[in-house]
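This report walks through selected features of one chain. Keep the sequence and the coordinates open while reading.

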Amino acid sequence: MQNALTVDVENWYDASLLSPYVPAGYRDDRVVAATREIMDLLEEFGVRATFFVLGKVAEEHPGLVKEIAGRGHEVASHGWGHQLAYRQTEEEFEEDLHRSLEILERLSGGKVKGYRAPSWSVGVETPWFFDVLVRNGIEYDSSLFPVKTPLFGSSDNPRHFHIIERKKGRVVEFPASSVRFGGKTFPVGGGASLRLLPLAVTKWGIKRINREGMGAIVYLHPWEMDTGIPFPPMPFRTRLLHSRGRKGMKKKLRKLLESFSFHPMADCLIDN
Ligand SMILES: [Zn+2]
């Protein structure tokens, strides 16, 4: 079973819900050290992963993209400016994607095959989404979230890996991982659920997904392991959602690496 390990490379203040509360003076750029910490851990286990890198991070830190590729990981796109896809027009989205692909391919020296939208912001409001990906040579996507949350996702989204056929081509879709339990669907193995839920729940979820014949997709952000973020004042719930559980993340990731095998997402394409 091919489980995929994925990292969305962005700064802590790029997170969509947090960003409006972070004034310029608080924008302490910590992405390089935080991403390197993840890469060092992966290296201990000889694991390669997919890094969905934000174009603007690549522009600010070209050496980081070269390092990700140089250490054997897959470089994929997280767009340029972390704009929510459903708040963009088709043209704006395409420009944002194209700009990210240009810099990521130049720095990594390889073709970018994969894309993940900022904050899973794809849905009924973005009917053009997959056509734009096809036009720009993207082979797989991991932007559908099969659970409705206040910011993103829809319970109408499929839970399983599937192929999206468009007039001019096809895109393989790997939705965020979820489990069905008690007649409901719950996200598992990534972001806030990985950080906030006990590790045992994540491990149970991954095993359950594997028993369904699917690979699980684990995802995290570099800032989720960074305990030194200088959070400015913000609503208590927003702060809690982004800060809680960071201390235990490294240990959790280590345990997952001990318990399961992981691969870059592009490798899962070959399998499916
Ligand atoms: Zn993001």
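## A buried asparagine

Asn157 is buried, because 20 other C-beta atoms lie within 10 Å and 20 or more is the cut-off for that class. The model is predicted. Asn157 sits in the loop between β5 (140–141) and β6 (162–166). Leaving out residues up to four places away in sequence, Asn157 touches Leu144, Phe145, Pro146 and Pro175. Phe236 is another matter: Asn157 and Phe236 are 79 residues apart in sequence and 30 Å apart in space, C-alpha to C-alpha.

One of the residues touched by Asn157 is Leu144. Leu144 lies in the loop between β5 and β6. Leu144 is buried, with 24 other C-beta atoms within 10 Å. Residues within four places in sequence aside, Leu144 is in contact with Val122, Asn157, Glu173 and Pro175. Pro175 is thus listed for Asn157 and for Leu144. Leu144 and Phe174 are 30 residues apart in sequence, yet their C-alpha atoms are 7.5 Å apart in space.

## Positive phi in the loop between β4 and α5

Which values does phi take at Ser119 and at Trp120? Phi of Ser119 is near 50°, a positive value in a residue other than glycine. Phi of Trp120 is also near 50°, again positive and again not in a glycine. For context, most residues other than glycine have a negative phi. Ser119 is found in the loop between β4 (114–115) and α5 (129–135). Trp120 is found in the loop between β4 and α5 too. Ser119 counts as buried, with 23 C-beta neighbours inside 10 Å. Trp120 counts as buried with 28 such neighbours.

## Burial at a glance

The table sets out C-beta neighbour counts for five residues discussed here.

| Residue | Other C-beta atoms within 10 Å | Class |
|---|---|---|
| Asn157 | 20 C-beta atoms | buried |
| Ser119 | 23 C-beta atoms | buried |
| Leu144 | 24 C-beta atoms | buried |
| Trp120 | 28 C-beta atoms | buried |
| Glu90 | 14 C-beta atoms | partly exposed |

Glu90 is found in helix α4. Glu90 is partly exposed, because its count of 14 falls between the limits of 12 and 20. Residues up to four places away in sequence are again left out: Glu90 touches Trp128 and Val132. Glu90 and Val132 are 42 residues apart in sequence and 7.7 Å apart in space, C-alpha to C-alpha.

## Helix α3 against helix α4

How do α3 and α4 cross? The axes of helix α3 (residues 62–70) and helix α4 (residues 90–108) come within 8 Å and cross at roughly 60°. The two helices are therefore oblique to each other. Their crossing is right-handed. On the α3 side, the contact is made by Pro62, Val65, Lys66 and Ala69. On the α4 side, Leu104, Leu107 and Ser108 make the contact. These residues divide into 5 nonpolar, 1 polar and 1 charged.

Val65 of α3 deserves its own list. Sequence neighbours up to four places away are not counted. Val65 touches Val53, Ala58, Val75, Leu104, Leu107 and Ser108. Leu104, Leu107 and Ser108 are the residues that α4 brings to the helix contact.

## The largest nonpolar core

The largest nonpolar core has 73 residues. Which members touch the most other members? They are Val9, Phe51, Val53, Val65, Val75, Leu104 and Val218. The largest share of this core, 6 residues, comes from α4. Val65 and Leu104 appear among these core residues, and both belong to the contact between α3 and α4. Val53 and Val75, also listed for the core, are among the residues that Val65 touches.

Technical notes. Residues numbered from 1 in each chain as written. Predicted model: local features only at pLDDT ≥ 70, side-chain atom pairs only at ≥ 80, totals over all residues. Axes fitted to C-alpha atoms, helices over the stretch in contact; angles between N-to-C directions. Helix = DSSP H or I, 4+ residues; strand = E, 2+ residues; numbered from the N terminus. Parallel < 35°, antiparallel > 145°, perpendicular 65-115°, else oblique. Left-handed = near helix turned anticlockwise from the far one by under 90°. Contact = placed C-beta atoms within 7 Å. Nonpolar A, V, L, I, M, F, W, Y, C, P; charged D, E, K, R; others polar. Core = buried A, V, L, I, M, F, W, Y, C linked by C-beta atoms within 7 Å.
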